[in-house]
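Reader: Could you walk me through this one? I am new to it, so please explain terms as you go.
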Amino acid sequence: MTKIISFINLKGGVGKTTSTVAIAEFLADEHRKNVLVVDLDPQTNATVALISEEEWQRRDDAGQTLKQLFKDKLEKTNVFNVNDAIVRNVSNLHGGIPRLALLPSSLGLIELQDQLALIPGGNFYAISPVDVLAGALRPVLDGFDYVLIDCPPNLGIITLNGIGMSNGYVIPVVPDILSTYGVPQILNRIETFASTKGISVPSKGIIVSKYRVQSVLHNSRLSQMQQAAARNELPPVFPTVIPEAAKIAEAVDFEARVNTLRQKYGYGNNYERYSELTKDFVRLC
Ligand SMILES: Nc1ncnc2c1ncn2[C@@H]1O[C@H](COP(=O)(O)OP(=O)(O)OP(=O)(O)O)[C@@H](O)[C@H]1O
Ligand SMILES: [Mg+2]
């Protein structure tokens, strides 16, 4: 069965996109899984980490990004074709990872999101505005072992499209005060959304990244989270923690051509950490 996992935090800049892309690459390249990354964020960060900006622009102009899917919903058209929109063999790793695919986002999603929020309920539209993505992906899901959904830092209608079709979600955090502050709020809001919809979308855990080994604050926040998780007050904290490292920030540069994941994420610790984090992901998700 396909595992569908959303990466969500209401805080920006906590490593949602970097974690989504890295875990997807490791699952596809090291675990030989068929993986689809769905980029739900209008910032298109995951998209341009996995394909060139030129290719994104060409596809966006041709109606082959998520903008068209939601535009169809608003305008009652039927232009979006999921098979055409999914880009195969993506990533800058040796010219593309054969088992890794991307459903690209679009800057144009921002304004559509506001219009989607105004759609009235009832059966005037064939499906609810939060089920549009699930409906579009249904025909292709069997071809993937994992679908990883990179969410923007909000719980708007487009994000809820991702959450509503997920088997669970992970919460990337930086172990500082502000980034961890909103975690209980995410748990509550997703729980409320899921129960209203009559589904279960459990939190699979917290992924810590940009961790500073020398920081007293990071160490104390990390151990507080681990203790709260042990008391079942928080979801499990993934045992592997990703350090703050310049090489990891550079990894999202699509133009840097690399041949191996070691070369991409940095020799030594960073590569090993992502490799271990992906094993945690397989076990916990
Ligand atoms: N382990 C790391 N070490 C150093 N820099 C990192 C690390 N992980 C991510 N970054 C950098 O931090 C910034 C934020 O990361 P990322 O884009 O993954 O966060 P995000 O949660 O997806 O942000 P947004 O909410 O804007 O979507 C980026 O510039 C990224 O390159
Ligand atoms: Mg992001």
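Reader: How far is an oxygen atom of ligand 1 from an N or O atom in the side chain of D41?
Author: That distance is 3.4 Å in this predicted model, which counts as a polar contact, meaning a pair of N or O atoms within 3.5 Å. An oxygen atom of ligand 1 also lies 3.1 Å from an N or O atom in the side chain of Q43, and a nitrogen atom of the ligand is 2.9 Å from a backbone N or O atom of P243. The protein buries 82% of the 630 Å² that ligand 1 exposes when taken alone, by the Shrake-Rupley method with a 1.4 Å probe.
Reader: Which residues are closest to ligand 1?
Author: They are K16, T17, T18, P243 and A245, out of 17 residues that surround the ligand, each having a heavy atom within 4 Å of it.
Reader: And which helix gives the most to that shell?
Author: Helix α1 does, with 3 residues; helices here are DSSP runs of H or I with at least four residues.
Reader: Changing topic, how many salt bridges are there in the whole structure?
Author: A search finds 10, counting a side-chain nitrogen of Lys or Arg within 4 Å of a carboxyl oxygen of Asp or Glu. One of them joins E55 and R58 at 3.8 Å, N to O, and these two residues lie 3 apart in helix α3 (residues 53–61), about one turn of the helix.
Reader: What conventions should I keep in mind?
Author: Residues are numbered from 1 along each chain as its sequence is written, while chains are lettered from A and ligands numbered from 1 in the order in which they are written. Because the model is predicted, local features need pLDDT of at least 70 and side-chain atom pairs count only at pLDDT 80 or more, whereas totals for chains, interfaces and linings use all residues, and side-chain values use heavy atoms, with hydrogens and water left out.

Technical notes. Polar contact = N/O pair within 3.5 Å; in protein donor to acceptor, adjacent residues only side chain to side chain.
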